[in-house]
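Grab a coffee and work through these exercises with the model open beside you. Each one sets a task and then walks through a solution.

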Amino acid sequence: MRRKTVLHGMSRTPEYHIWRSMLARCFNPKHKAYEDYGGRGITVCDRWRNSFVDFISDIGMRPAATASVGRINNDKIYEPGNVRWESRFEQMRNTRFNRIVTIEGISKTVAEWVELSNGNLSRKGFHRRLCRGICGVSLLAPRSNSGKARPA
């Protein structure tokens, strides 16, 4: 009889499948998302590429059933310090297609600035202001009755 070698006993866990998918996106040219990851130079550090145990040791188990791996800086590789467990909402906020706007030294996505306006501004209105060349805190000024932003 042959004995099975058990390395970590986690090959059927969601974390293991997430790790395998991360590797496939970065290293398998046949993977459907390869072009957006490995194809643009996104890889996985050697420590994690060679060891699921090290990956879990560094990032920990998923805090929620819906959490997935996300890179803090989308232009950097999967490595300790640049990866965290994120909700679907956080993942959508952290894509390279989001427009980042800096107001008084604080950078946020358009969606985050609109959210901070507490209903005083719509996403469409914010984009309209950007297209008109409005910048700084004037982007966040509440709408007047005429629909135009009041000067800040």
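**Exercise 1. Get your bearings: how much of the contact list with a separation of 6 or more comes from residues 24 or more positions apart?**

Start with the contacts. Among those in the protein with a separation of 6 or more, 36% join residues 24 or more positions apart. Keep in mind that this is a predicted model.

Next, count the elements: there are six helices and four strands. Read from the N terminus, their order is α-α-α-β-β-α-β-β-α-α.

Last, check burial. The protein has 152 residues, and 33% of them count as buried.

**Exercise 2. Find the largest nonpolar core and work out which element gives the largest share of it.**

Step one is to find the residues. This core has 20 of them, and the ones with the most contacts inside it are Trp19, Val44, Trp48, Phe52, Phe55, Val69 and Tyr78.

Step two is to sort them by element. H1, helix H3 (52-59) and strand E2 (83-86) each give two or more residues to the core. H1 gives the largest share, with six residues.

Step three is to zoom in on Trp19. Leaving out residues up to four places away in sequence, Trp19 touches Trp48, Arg49, Ser51, Phe52 and Phe55.

Now look for another core. There is a second, separate one of nine residues, including Ile103, Val110, Leu121 and Phe126.

**Exercise 3. Explain why the buried residues of H6 line one face of the helix.**

First pick them out: in helix H6, which spans residues 123-131, the buried residues are Gly125, Phe126, Arg129 and Leu130. Then look down the axis of H6. The buried residues fall within an arc of 140°, so they line one face.

Now turn to the face pointing away from that buried side, where you'll find the exposed residues Lys124 and Cys131.

What sits over the buried residues of H6? The cover includes strand E3 (100-103) and helix H5 (110-116). Phe126 also turns up in the second core from the previous exercise.

To finish, step just past the end of H6: Gly133 takes a positive phi of about 90° there.

**Exercise 4. Describe the largest pocket, then do the second largest: which residues lie nearest the centre of the second one?**

Begin with the largest pocket, which holds about 430 Å³ of space. It has 20 lining residues, and Tyr37, Arg71, Asn74, Gln91 and Thr95 are the closest to its centre.

Where does that lining come from? Helix H1 (14-27), strand E1 (68-71) and helix H4 (88-93) each supply at least two residues, and E1 gives the most, with four. Sorted by class, the lining has six nonpolar, seven polar and seven charged residues.

Now the second largest pocket, at about 250 Å³. Its lining has 16 residues, with Ile72, Asn74, Arg93, Asn94 and Ile100 nearest the centre. H4 and strand E4 (106-109) each supply at least two lining residues, and E4 gives the most, with three. By class, this lining has two nonpolar, seven polar and seven charged residues.

Put the two lists side by side. Asn74 is among the residues closest to the centre of the largest pocket, and Asn74 is also among those nearest the centre of the second largest.

**Exercise 5. Tour three loops: is Asn50 buried or exposed, and what do phi values say about Glu104 and Asn118?**

Take Asn50 first. You'll find it in the loop between helix H2 (46-49) and H3. The cut-off for exposed is over 50% relative accessible area; Asn50 has 62% relative accessibility, so it counts as exposed. Its C-alpha atom is 9.9 Å from that of Leu23, which is 27 residues away along the chain.

Then go to Glu104, in the loop between E3 and E4. Glu104 isn't a glycine, yet its phi is positive, about 50°. Its relative accessible area is 68%, so Glu104 is exposed.

Finish at Asn118, in the loop between H5 and H6. Here again phi is positive in a residue other than glycine, near 55°. With a relative accessible area of 67%, Asn118 is exposed.

Methods. Residues are numbered from 1 along each chain as its sequence is written. This is a predicted model: local features need pLDDT of at least 70, side-chain atom pairs count only at pLDDT 80 or more; totals for chains, interfaces and linings use all residues. Side-chain values use heavy atoms; hydrogens and water are left out. On a 1 Å grid over the protein atoms alone, a cavity is a set of points where a 1.4 Å probe fits but cannot get out, and a pocket is an open set with protein on both sides within 12 Å along at least five of seven lines; lining residues have an atom within 4 Å of a point. Grid points are joined across faces, edges and corners, and a volume is the space filled by probe spheres set on the points. Ala, Val, Leu, Ile, Met, Phe, Trp, Tyr, Cys and Pro count as nonpolar, Asp, Glu, Lys and Arg as charged, and the others, Gly among them, as polar. Buried means under 20% relative accessible area, exposed over 50%, partly exposed in between (1.4 Å probe, protein chains only). The arc is that of the directions from the helix axis to the C-beta atoms. Contact means heavy atoms within 4.5 Å. A nonpolar core is a set of buried Ala, Val, Leu, Ile, Met, Phe, Trp, Tyr and Cys residues joined through side-chain atoms within 4.5 Å.
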